[in-house]
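Me: I would like to go through the strand arrangement of this model step by step. Please reason from the pairings to each result.

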Amino acid sequence: MVEVRNKYIEGCKQARSAIMKPAFSEKATMFSVDVKGKLTGGAIQELFDAIDNPPFLPSPEAQSVIVNIDIVGTAASARIDSNDVSGFVFSDFFHLLKVEGKWTIVSKIYYTHVAP
C-alpha cells in the first residue's frame, strides 16, 4: 500500500500522471459528489487528463498519510489523506485488488476541499 500511495502522491507532486498510472487498473473508476450533491466521475483517465493539463499545478510540497487499510484476502480498501495538492486537500478512498501479486487500484472515491 505504501508503494501505491507513493506513486499517487509523487504524480501529484510533479503533475505527471505517468508516474501514478502503474498503481491503477486500466479499468479503474473515479467518483465524487459535486457541490450540487450530484455524483460525478467515470473512467480513471479523467484523473490523468486533469493532472496533465492546466489548471492542475505541480505540488512539490504535497504530503499524504495512510489513515486506514482493511484487507480481506486479495481485496483491500484504504483511506489516504493528502494535503497541498494543487491547492486542495483530499481524502481518497481507494479500493484495490491483488492481481498477480501486485496491489492495483480499481476505484477511487474522493472528497476534496480548498486547502486552508
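Me: In what order do the six strands of the open sheet stand?
Reply: The model is a predicted one. Its open sheet has six strands with mixed pairing. Read across the sheet, the order is β2-β1-β6-β5-β4-β3.

Me: Which strands stand at the edges?
Reply: An edge strand here has a single partner strand, so one side of it is left without a neighbour in the sheet. Neighbouring strands of this sheet are turned by 15° against each other on average, direction ignored. The strands at the edges are β2 and β3 (63–72).

Me: Which residue in β6 is the bridge partner of F24?
Reply: Strand β1 (residues 24–33) pairs with strand β6 (residues 102–114) in the parallel sense, over four bridges. Within β6, the partner of F24 is I105.

Me: Which residue of the hairpin of β1 and β2 takes a positive phi?
Reply: β1 and strand β2 (residues 39–43) run antiparallel and are joined by five bridges. V33 stands opposite L39 in β2. Five residues lie between the strands of this hairpin, and the positive phi, near 85°, belongs to G37.

Me: What is the bridge partner of I66 in β4?
Reply: β3 pairs with strand β4 (residues 75–85) in the antiparallel sense, and nine bridges connect the two. In β4, the partner of I66 is I80.

Me: What angle does the direction of helix α1 make with that of β3?
Reply: Helix α1 (residues 2–14) packs on the sheet and touches β1, β3, β4, β5 (88–99) and β6. Its direction relative to that of β3 is about 145°.

Terms used
Residues numbered from 1 in each chain as written. Predicted model: local features only at pLDDT ≥ 70, side-chain atom pairs only at ≥ 80, totals over all residues. Heavy atoms only, no water. Pairing = 2+ DSSP bridges. Axes fitted to C-alpha atoms, helices over the stretch in contact; angles between N-to-C directions. Contact = heavy atoms within 4.5 Å.
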